[in-house]
Amino acid sequence: LFEFAALEKPVVAVPLPLGASRGDQIDNAKDFAARGWLSVLPQEEMTRETLCRAIDELYENRASYHEALKAADMAGASARVADVIDRAAQGK
């Protein structure tokens, strides 16, 4: 998901359900959706109709997704994460 966010590409996320995963995909998708970066379609609710509707809604609202993704400022994110890890390793 971070790759799509870094590329400022809104997506319809279809996370694996709890029975097929630990639930981290669901948590990540919900977090990204709360930030306005993507739309979530639970796999257990996916049909041809719900997928087409989700894609149509994503396209219709693409401007708001792009604005939220642009505001996220993913540039340099890897360096910022490395800095946090480095500081934590040094006990700062």
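The following questions and answers introduce a predicted model.

Visitor: How many residues make up the largest nonpolar core, and which helices each supply at least two of them?

Guide: The largest nonpolar core includes Ala5, Val11, Ala29, Phe32, Trp37, Ala68 and Met74, and it counts ten residues in all. At least two residues of this core come from each of two helices, α2 (24-34) and α4 (62-71). The answer is therefore ten residues, with α2 and α4 as the helices.

Visitor: How many residues does another core, apart from this one, hold?

Guide: A separate core lies apart from the one just described. Among its members are Leu41, Ala54, Leu58 and Tyr65, and its residues number five.

Visitor: Is Ser39 buried or exposed?

Guide: Ser39 belongs to strand β2, residues 39-40. Residues within four places in sequence aside, Ser39 is in contact with Val11, Val12, Ala13, Leu58 and Tyr65. A residue counts as buried when its relative accessible area is under 20%. Ser39 has a relative accessibility of 15%, so it is buried.

Visitor: Which residues does Ala13 touch, not counting residues up to four places away in sequence?

Guide: Ala13 is one of the residues of the largest nonpolar core. Leaving out residues up to four places away in sequence, Ala13 touches Leu1, Ala29, Leu38, Ser39, Val40 and Leu41.

Visitor: How many residues apart in sequence are the parts that the salt bridge of Lys70 and Glu8 ties together?

Guide: Side chains of opposite charge can pair when their charged atoms come close. In the salt bridge between Lys70 and Glu8, the closest N and O atoms are 3.1 Å apart. Lys70 lies in helix α4, whereas Glu8 lies in the loop between α1 (2-6) and β1 (12-13), so the pair ties together parts whose separation in sequence is 62 residues.

Visitor: Which residue of the salt bridge between Asp24 and Arg22 is exposed?

Guide: The side chains of Asp24 and Arg22 meet at 2.8 Å, N to O. Asp24 has a relative accessible area of 29% and is partly exposed. Exposed means over 50%. With a relative accessible area of 73%, the exposed residue is Arg22.

Visitor: What are the relative accessible areas of Asp31 and Arg35?

Guide: Asp31 and Arg35 form a salt bridge, with 3.2 Å between the closest N and O atoms. Asp31 is partly exposed, and Arg35 is partly exposed as well. The values are 34% for Asp31 and 46% for Arg35.

Visitor: What is the count of salt bridges?

Guide: Among the salt bridges are the pair of Lys70 and Glu8 and the pair of Asp31 and Arg35. The count of salt bridges comes to four.

Methods: Residues are numbered from 1 along each chain as its sequence is written. This is a predicted model: local features need pLDDT of at least 70, side-chain atom pairs count only at pLDDT 80 or more; totals for chains, interfaces and linings use all residues. Side-chain values use heavy atoms; hydrogens and water are left out. A nonpolar core is a set of buried Ala, Val, Leu, Ile, Met, Phe, Trp, Tyr and Cys residues joined through side-chain atoms within 4.5 Å. Buried means under 20% relative accessible area, exposed over 50%, partly exposed in between (1.4 Å probe, protein chains only). Helices (H or I, at least four residues) and strands (E, at least two) are DSSP runs, numbered from the N terminus. Contact means heavy atoms within 4.5 Å.
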